[in-house]
Amino acid sequence: MKRGGSDEQKRAAGESAVDAVSNGMVVGLGTGSTTAYAIRKLGRLIDDGMDIEGIPTSYQSRQLAREVGIPLTSLEDATPDLAIDGADQVADGTLIKGGGAAHTREKLVDAAADRLLVVVDPTKEADALDHPVAVEVLPDARRTVAEAVTDLGGDPQLRAAERKDGPVVTDNGNLVLDCDFGTIEDPAALARELSMVPGVLEHGLFVGLADEIHCGTDDGVRVKEL
Ligand SMILES: O=C[C@H](O)[C@H](O)[C@H](O)COP(=O)(O)O
């Protein structure tokens, strides 16, 4: 799905993060249009003889990794040395993710990795987080979670599928509520509160996980260490 800035900005960011990959590493493969550039570059490094394994975070990243020849492993068998992942919004090192409904597995892999490199374009950077937060919910919990989100001050909308009638169904067989909280003053507190709601599998607030932000611009890549 196409979101955010230009393809060239995304390519610059995705490929910049791959410069941190060295021989023998296990790499977490995020999901989305920006990470796709990183996955393709990892494939080229493997073609050149590098020994890298990937842990995919979605059907999309698994298929692309297979296409470009990245050997795959899993969290059962390996710990990622680093993960490369995109974001829908970044402010002060905190991320909102889940625009592709992949945030649950992304969070598992990103949190397990020794380092998380986030790849974005300038449209994703903000002074404060105000993007809707994707919340993956068990189908039976759709209404009760929506009520809890409303009690927390959010406006939950069931994510509708495109080119299919009805809702988006995640790779895990669940639904997604896009929850608009306006400007999020305290992301860590909201993250904790959402995690406590029964029926919430995972939400798209990634607090304290990112180690570097690689922002692709028309004039090169800005790397911010956190
Ligand atoms: O669920 C999807 C992910 O969290 C993506 O990493 C995020 O939506 C950014 O995707 P893109 O690079 O396509 O904007």
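Before I start, one definition: helices here are DSSP runs of H or I with at least four residues, numbered from the N terminus. With that in place, α3 is followed by Gly 69, and the phi of Gly 69 is positive, near 85 degrees. Please keep in mind throughout that this is a predicted model.

Let me stay with α3 for a moment. The helix covers residues 59-67, and its buried residues are Gln 60, Ser 61, Arg 62, Leu 64 and Ala 65. What covers them? The cover over the buried residues of α3 includes strand β1 (26-29), helix α2 (35-47) and strand β2 (53-56).

Next, the ligand. There are 20 residues around the ligand, and those that come nearest are Gly 32, Gly 86, Lys 97, Gly 99 and Gly 100. Sorted by class, this shell holds 12 polar residues, five charged ones and three nonpolar ones.

Now to Glu 106. UniProt, in an unreviewed entry, lists this residue under "active site". In the model, Glu 106 sits in helix α4, which spans residues 103-112. Is Glu 106 buried or exposed? Glu 106 counts as buried because 32 other C-beta atoms lie within 10 Å, and the cut-off for buried is 20 or more. If we leave aside neighbours within four places in sequence, the contacts of Glu 106 are Gly 30, Thr 31, Thr 57, Asp 85 and Lys 97. Lys 97 has already come up, as one of the residues that come nearest to the ligand.

The last part is a sheet. Four strands make up this open sheet, with antiparallel pairing, in the order β8-β9-β7-β10. The edges are β8 (155-158) and β10 (200-203), each of which pairs on one side only. On average, neighbouring strands in this sheet are turned by 30 degrees against each other, direction ignored.

Two helices go with these strands. Helix α5, residues 142-151, packs on the sheet and touches β7, β8, β9 (175-180) and β10. The direction of α5 makes about 15 degrees with that of β9. Helix α6, residues 187-195, lies across β7 and β10 and runs at about 160 degrees to β10.

One pairing in closer view: how many bridges join β7 and β10? Strand β7, residues 133-137, pairs with β10 over three bridges, in the antiparallel sense. Within β10, His 203 is the residue that stands opposite Val 135.

That is the end of my part.

Key: Residues numbered from 1 in each chain as written. Predicted model: local features only at pLDDT ≥ 70, side-chain atom pairs only at ≥ 80, totals over all residues. Near = placed C-beta within 6 Å. Nonpolar A, V, L, I, M, F, W, Y, C, P; charged D, E, K, R; others polar. UniProt positions renumbered as here; feature names shortened; annotations may be inferred. Buried ≥ 20, exposed ≤ 12 C-beta atoms within 10 Å, placed from the backbone. Contact = placed C-beta atoms within 7 Å. Pairing = 2+ DSSP bridges. Axes fitted to C-alpha atoms, helices over the stretch in contact; angles between N-to-C directions.
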